[in-house]
Protein chains: 2
Amino acid sequence: MAEPKPNELMEKIVSLCKRRGFIFQSSEIYGGINGFWDYGPLGAELKRNVRDLWWRTHTQRREDVVGLDATIIMHPAIWKASGHVDTFTDPMVDCKTCKGRFRADQLGETPCPQRPSKMVGECHGEKTEARKFNLMFKTYVGPVESEENVAYLRPETAQAIFAQFKNVLDVSRQKVPFGICQIGKAFRNEINPRNFTFRSREFEQMEIEFFIRPDEVVQKLAGSVGAYTDGLDVSTPQPNWGWELWHRHWVEERVKWYEGIGLGRDTLDFHWQPKEELAHYAKACVDIQYKFPFGSQELEGIAARGDFDLSQHQKFCGKSMEYFDEEAKTKYVPHVIEPSAGVDRLILALICDAYCEDQAPNDKGELESRVVMKFHPRIAPIKVGVFPLLKNKPELVAKAREVRDLLRPHLTVFYDEAGAIGRRYRRQDEAGTPFGVTIDFDTLGEKGPELKDTVTLRDRDTLKQDRIPIRELVPLLLERIR
Amino acid sequence: MAEPKPNELMEKIVSLCKRRGFIFQSSEIYGGINGFWDYGPLGAELKRNVRDLWWRTHTQRREDVVGLDATIIMHPAIWKASGHVDTFTDPMVDCKTCKGRFRADQLGETPCPQRPSKMVGECHGEKTEARKFNLMFKTYVGPVESEENVAYLRPETAQAIFAQFKNVLDVSRQKVPFGICQIGKAFRNEINPRNFTFRSREFEQMEIEFFIRPDEVVQKLAGSVGAYTDGLDVSTPQPNWGWELWHRHWVEERVKWYEGIGLGRDTLDFHWQPKEELAHYAKACVDIQYKFPFGSQELEGIAARGDFDLSQHQKFCGKSMEYFDEEAKTKYVPHVIEPSAGVDRLILALICDAYCEDQAPNDKGELESRVVMKFHPRIAPIKVGVFPLLKNKPELVAKAREVRDLLRPHLTVFYDEAGAIGRRYRRQDEAGTPFGVTIDFDTLGEKGPELKDTVTLRDRDTLKQDRIPIRELVPLLLERIR
């Protein structure tokens, strides 16, 4: 089969997302709301699996990261300190003729609402000067809509971590270097949401702020600060690591994590920001990008941010953000490595990556094309389909329900008795279910005792069918989805 | 020991929450923000465990409920249809003298800002008529703050489920009766947030909308509609169930769920709303309350809401919300049973319920009072503490780290080598960790081969210590936290 073109591929993916209940437009029955997306039953499970894995990888499998779950609305001073109130803006112009408002840097690509054949940049409407438009959603807390009651929906989860740094430090028995992680919603009033769920106005982030010693302190303690050379093993933290090696460590850890959910290195691009692109306080930043059908786009940014954030909060709140390092016998504001990932864009990457058209035999043994979502079993929304071969044989149905009830406490099961068995397999292929268990007459012992209480276990990707004793199903499936 | 008084008890609980990192005030370094609370490392894990259990109980262990994960900001017409724009209000009066704004129904309990010795209701300030104040947080989507761009932060998660009812029905291969569940944040601009985290402005809900046949359709199909009688078993759905038995079923299911995380029936109160309290469309509503130190307060409301919500959306969006029932060969708007629980108040109930002061022996064997959080092992933030008996014996430390690494892939572990062993136990008691594993000289085989590679397993509640082979730890602990 010819590879579909990128646009066609995206259309097919968007259509499958709706058809199978991965992603719906928010408020669709009211015509939708631009930049907001809902996750249907399969999407919600997929997202849960990804979040869980990220959380457990960092809080449970490591010893040096603890979790936080902070509010979306915080004290507005936080966004003053972080710089978001003053600089988190896009430039806008108003057209005095048509009363439209447009992004000043996109006038050449935006059609004029009155004469759509022309772009806003070349139409005759009289435009205002460009003004800054803040991307934070604003609201008021309390009954009075006054300046002092203004609050914002957080545009990132990171600042909550900085604001609670001292509290977490006090309770968690952690010492620098250590990290705080958080998963949660964030909001940006994008002028131009686009690329399906990729750039939305409401989205979810998974962020870690990993606090490290300033290089001078490392130098003092270890005698020297380790430098990165190609191929250096950065999997096990060492006492002589400064920001550069900690940054490399996190890049490697995060790439390994992506590999662990099926996004191999070949599906990723790495954009190391050149010095002139970096924020003034940043020492390095790499974007881990996925090769989407619409181009390589960022999944996660990993930045070495120095002590900028904690120092800003120290300045604005008037309270010390310093850490006393018992080993170094000195106080300092810790520096930060920030791996910051977008959940929704990752989900989109996983869906794009899983999408596959190939050929599989139908009930008559003829090859037919199928759509199959090749999710890694770890993140697949449903782990196993359970099917009685025929619906109208009570013994098959009873046995199949027994198997369903055996598996259900351990993993997500989809039980399906309707339609030809090939059709049922195909439905689970589209849902990305990695395993199918079929209960047939052999299971009932009708072809002799040796196959009694065995089932066929079908593999979504290889289409191979193995005969497995029912009592071995749970450990075998748990092993394969680990 | 004398039981502490309710106020003292609440103070102790609030203090422990901060001290151990269950709950912090949001934006504390900036003086806080009234009605917003963050969860620290232990609180975040506790909340995750509760959410996970709720989700799996409904989507994985049952076959008739699927999940949804919708946006917080939705099309504003949804809140017009639901009635929130017009009626989700508290009455407010302004004082023309002091410029304060007050809840009209609380004037007798609110001190006057200018003369705090008097209540607002009896001071001489000139008051406006009472006006309605809407409790929804308002914002604007897009660059223009105009009426047409108004949007609200959802005041409940339920409406997203109704809005996506048709989409979910189309993709999920479910038939009425079935349910859609969702966990997520909701926001209410409360005039008077109170009782610690109990009434907050930003909170999380776990809601199920369970769609059922109207009683007439049940009557037609089953010949009669089942009626509830005391003690009737409502655990297994039956074809003749109308709204009353489905409502009873969900009350029972939810109470069983609370029991399963440690909140026994004796800790709960049930408030069956009398007819005159019910909304005009509601057929029944019961509040499941927990006996908080500050009084019995609602954890979850379970309402039989008829077809009100779907019918309202049908009216406002102009699209049919009808379901074609193949078995009954008829169309109808499904009726709804709504179990709606608050996550934060449940977490507070679990913390209050777990809080316990008793006596335990210290390192010298003398009884000392301790604070212990007796969380059910299923929801405990940390499942097991791992301790080398002494920090300065490298063999003990090495072995303890081995045990830690053995357990860590399977459950949350806290490894602690600092301080006397009794102190370390006590710290985990306060965190609510149900099990402690200590590696001592017996473990190393120093007292003979029969105890080699065994550890002591300490039970938080009974203080009993058992000798367990290391190789049996994982299955044993997994069994006990199930």
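A salt bridge is a side-chain nitrogen of Lys or Arg within 4 Å of a carboxyl oxygen of Asp or Glu. The structure here is a predicted model. Work through the exercises in order.

**Exercise 1. Pairs of opposite charge**

Task: Find what joins B:Glu202 and B:Lys185, and say which parts of chain B the pair ties together.

Solution.
- Step 1. Look at the distance. The side chains of B:Glu202 and B:Lys185 meet at 2.7 Å, N to O, in a salt bridge.
- Step 2. Place the partners. B:Glu202 lies in strand 10 (residues 202-212) and B:Lys185 in strand 9, so the pair ties together parts of chain B that are 17 residues apart in sequence.
- Step 3. Check the surroundings. Buried means under 20% relative accessible area. B:Glu202 has 4%, so it is buried. B:Lys185 has 13%, so it is buried too.

**Exercise 2. A bridge across chains**

Task: Which two chains does the salt bridge of A:Arg51 and B:Asp69 join?

Solution.
- Step 1. Confirm the bridge. The N to O distance between the two side chains is 3.7 Å.
- Step 2. Locate each residue. A:Arg51 is in helix 2 (residues 41-60) of chain A, and B:Asp69 is in the loop between strand 3 (65-68) and helix 3 (77-81) of chain B, so the pair joins two chains.
- Step 3. Buried or exposed? Both A:Arg51 and B:Asp69 are buried.
- Step 4. Widen the view. Over all chains, the whole structure holds 98 salt bridges.

**Exercise 3. A pair with less cover**

Task: Describe the salt bridge of B:Arg471 and B:Glu472, and classify each partner as buried, partly exposed or exposed.

Solution.
- Step 1. Read the distance. The side chains meet at 3.9 Å, N to O.
- Step 2. Classify B:Arg471. Its relative accessible area is 68%, so B:Arg471 is exposed.
- Step 3. Classify B:Glu472. At 35% relative accessibility, B:Glu472 counts as partly exposed.
- Step 4. Turn to a network elsewhere. Shared salt-bridge partners join A:Asp358, A:Arg370, A:Lys374, A:Arg426, A:Asp429 and A:Arg458 into one network.

**Exercise 4. Two buried glutamates**

Task: Work out where B:Glu156 and A:Glu417 sit, and which side chains they make polar contacts with.

Solution.
- Step 1. Place B:Glu156. This residue is in the chain B loop between strand 8 (150-152) and helix 5 (158-163).
- Step 2. Look for a charge partner. B:Glu156 is buried but has no salt bridge. The nearest side chain of opposite charge is B:Arg188, 4.8 Å away. The cut-off for a salt bridge is 4 Å, so that distance does not qualify.
- Step 3. Look for other contacts. The side chains of B:Glu156 and B:Gln159 share a polar contact of 3.0 Å. Residues that B:Glu156 touches include B:Trp79, B:His84 and B:Gln205.
- Step 4. Place A:Glu417. This residue is in the chain A loop between strand 20 (413-415) and helix 12 (421-431). Its relative accessibility is 18%, so A:Glu417 counts as buried.
- Step 5. List its polar contacts. The side chain of A:Glu417 contacts that of A:Arg401 at 3.4 Å. A second polar contact, of 2.6 Å, is with the side chain of A:Tyr415.

**Exercise 5. A helix checked by length**

Task: Test whether the span of helix 10 (residues 343-354) of chain B agrees with its number of residues.

Solution.
- Step 1. Find the expected span. At 1.5 Å a residue, its 12 residues should span 16 Å.
- Step 2. Compare. The end C-alpha atoms are 16 Å apart, which agrees.
- Step 3. Check the cover. Of the 12 residues, 11 are buried. Among them are B:Val343, B:Asp344 and B:Cys352.

**Exercise 6. Backbone exceptions**

Task: Find where the peptide bond is cis, and where phi is positive in a residue that is not a glycine.

Solution.
- Step 1. Recall the background. Most residues other than glycine have a negative phi, and most peptide bonds are trans.
- Step 2. Find the cis bonds. One joins A:Val176 and A:Pro177, with omega about 5 degrees. Another runs from B:Val176 to B:Pro177, with omega near 5 degrees.
- Step 3. Find the positive phi values. A:Lys99 has about 70 degrees, and A:Asp453 about 60 degrees.
- Step 4. Compare exposure. A:Lys99 is exposed, at 67%, whereas A:Asp453 is partly exposed, at 29%.

**Exercise 7. Relating the two chains**

Task: What rotation superposes chain B on chain A?

Solution.
- Step 1. Read the operation. The rotation is 180 degrees, with 0.0 Å of shift along its axis and an RMSD of 0.1 Å.
- Step 2. Name the relation. This is the relation of a two-fold axis.
- Step 3. Find the residue of chain B closest to the axis. It is B:Thr139, at 2.6 Å (C-alpha).
- Step 4. Compare the interfaces. 100% of the interface residues of chain B are also interface residues in chain A, so the copies meet through the same surface.

Key
Residues numbered from 1 in each chain as written. Chains lettered and ligands numbered in written order. Predicted model: local features only at pLDDT ≥ 70, side-chain atom pairs only at ≥ 80, totals over all residues. Heavy atoms only, no water. Helix = DSSP H or I, 4+ residues; strand = E, 2+ residues; numbered from the N terminus. Buried < 20%, exposed > 50% of the residue type's maximum accessible area, 1.4 Å probe, protein only. Lys, Arg positive; Asp, Glu negative; His and termini not counted. Polar contact = N/O pair within 3.5 Å; in protein donor to acceptor, adjacent residues only side chain to side chain. Contact = heavy atoms within 4.5 Å. Expected span 1.5 Å × (residues − 1). Least-squares fit on C-alpha atoms with pLDDT ≥ 70 in both. Lists of a residue's contacts leave out its neighbours within four places in sequence.
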